[in-house]
Amino acid sequence: MNDQKKERFLITGGSGFVGWNLCNYLKGRHEVFATYYSHPVNSAGCNFLQIDLTSRSRVLETIARVKPSIILHAAALSSPDLCEKDRSRAREVNVMGTQHILDAACACGIRVVYISTDLVFDGETGNYDETCKPRPINYYGETKREGEKLCRNSPADSLVVRITLQYGWGNGENVSFSDWLMASLTAGKQVSLFADQYRTLTYVMDTARGLELAALQGSAGNLYHLTGPERIDRYEFGSIFASIFNFPLDLLKKSLMQDVPARAPRPKDVSLNGDRFFSQFGFRPRGIREGLAAMAKSVQGPSGQGFKGSSE
Ligand SMILES: NC(=O)c1ccc[n+]([C@@H]2O[C@H](COP(=O)([O-])OP(=O)(O)OC[C@H]3O[C@@H](n4cnc5c(N)ncnc54)[C@H](OP(=O)(O)O)[C@@H]3O)[C@@H](O)[C@H]2O)c1
């Protein structure tokens with residue numbers, strides 16, 4: 001596919017943190033349709049539709065009506081703790097919902113990019129590339145791994161892109177890690193951040209650019225790791241975040257994963273290696289300081305309003 005041609009994108013999970021930013025990035029460049037489930041949102045230049053991924057007939061009917069050329073499948077139950085608590089719902093949305101998308105795409109000849117996660121790995125070694133064997137340690141990771149397998153075994157024109165923990169501006173509906181950090185520090189609240197959990201955090205607008213490239217130029221059946229270049233723990237990330245947004249550093253407190261009980265087990269180091277993505281597409285997301293500086297320069301969304309719990 002040609003990078004210059006305007007495509008008709010359908011973004012599932014357009015009301016979520018990643019999907020919302022995908023809408024904002026793509027809407028000036030392509031025709032954009034997006035879905036929400038329980039949070040009706042609006043963004044000028046983007047056509048929003050309500051959809052429940054667990055309803056096969058509704059998914060098939062909506063996709064046949066919109067007739068996108070590409071689906072970016074971002075919708076998911078994305079909170080590991082929630083997935084652990086309600087396994088059957090997690091399976092319905094993350095696994096069966098993905099199957100419905102693939103069936104519709106197959107029937108209509110549509111390309112699908114399945115957005116997966118670094119949490120398919122067990123976190124024992126870090127620096128995972130596309131040849132490393134996934135071994136999820138929580139149910140969220142398991143359902144995302146199953147979604148990947150469905151894509152790779154599907155006759156649909158589909159590919160899988162694993163992304164990492166994201167930061168950027170949200171829409172105030174589904175709360176990301178950086179939305180929570182921004183809201184807490186703005187309110188002058190002390191935040192406790194893990195100093196022993198490592199991710200290669202990525203600026204979500206760079207992820208949007210990478211997903212566009214993979215959608216337009218990636219080969220069917222392939223798997224890509226789209227990641228920022230720096231392995232960093234959450235405390236260290238918080239310190240850079242605080243310094244760029246001028247928050248007092250003494251609001252940050254170091255903690256360890258073992259000190260904070262959680263329903264879903266958390267892997268220690270799921271840093272990804274993005275060399276293959278770079279060699280194939282000539283694109284690598286920015287490092288943390290540059291990404292946060294770009295975020296600080298960009299327009300702030302309505303973060304801080306209506307926070308209802310945190311996703312990944
Ligand atoms: N955010 C990250 O740091 C991160 C990291 C790695 C991978 N990912 C992956 O990126 C994707 C997006 O994550 P995110 O953080 O943007 O998630 P999110 O903010 O929690 O948003 C989830 C989206 O899925 C939609 N959804 C939930 N249940 C649905 C259903 N039954 N039918 C249709 N839509 C439904 C939600 O709609 P409503 O809100 O309208 O109900 C929302 O738009 C996920 O696939 C996740 O695995 C995210």
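Where does Asn246 lie, in terms of α8 and β13? Asn246 is in the loop between α8 and β13, helices (H or I, at least four residues) and strands (E, at least two) being DSSP runs numbered from the N terminus. The model is predicted: local features need pLDDT of at least 70 and side-chain atom pairs count only at pLDDT 80 or more, whereas totals for chains, interfaces and linings use all residues. Residue numbers start from 1 along each chain as its sequence is written.

The central element described here is an open sheet of seven strands with parallel pairing, in the order β3-β2-β1-β4-β5-β6-β11. Strands are taken to pair if DSSP finds at least two bridges between them. At the edges stand β3 (47–50) and β11 (223–226), each of which pairs on one side only. Neighbouring strands of the sheet are turned by 20° against each other on average, direction ignored. Angles run from 0 to 180 degrees between N-to-C directions, and axes are lines fitted to C-alpha atoms, for helices over the stretch in contact. Strands β1 (residues 8–12) and β2 (residues 31–36) run parallel and are joined by four bridges. Within this pair, Ile11 of the model stands opposite Ala34 in β2. Helix α1 packs on the sheet, where it touches β1, β2, β4 (70–73) and β5, and its direction makes about 160° with that of β1. Contact requires that the C-beta atoms of two residues, placed from the backbone, lie within 7 Å.

The ligand is surrounded by 32 residues, of which Gly13, Gly16, Val18, Tyr37 and Asn174 come nearest. A residue is near a molecule or strand if its C-beta atom, placed from the backbone, lies within 6 Å of it. Two or more residues of this shell come from each of α1 (17–26) and β5 (111–117). The most is given by α1, with three residues. By residue class, the shell divides into 14 nonpolar, 14 polar and four charged. Here Ala, Val, Leu, Ile, Met, Phe, Trp, Tyr, Cys and Pro count as nonpolar, Asp, Glu, Lys and Arg as charged, and the others, Gly among them, as polar.

In helix α8 (residues 234–244), the buried residues are Arg234, Phe237, Gly238 and Phe241. Viewed down the axis of α8, these buried residues fall within an arc of 100°, so they line one face of the helix; the arc is that of the directions from the helix axis to the C-beta atoms. A residue is buried if 20 or more other C-beta atoms lie within 10 Å of its own, exposed if 12 or fewer, and partly exposed in between, with C-beta atoms placed from the backbone. The buried residues of α8 pack against α6 (177–186), β8 (191–194), β12 (232–233), β13 (252–255) and α10 (288–297).

Asn246, which follows α8, has a positive phi near 60°. Asn246 counts as exposed, with 8 C-beta neighbours inside 10 Å. Asn127, although not a glycine, also has a positive phi, of about 55°. Asn127 is placed in the loop between β5 and α5 (139–153) and counts as partly exposed, with 13 C-beta neighbours inside 10 Å. Most residues other than glycine have a negative phi.

Ala195 is in the loop between β8 and β9 (198–199). With 16 other C-beta atoms within 10 Å, Ala195 is partly exposed. Not counting residues up to four places away in sequence, Ala195 touches Asp233, Tyr235, Lys254, Ser255 and Leu256.
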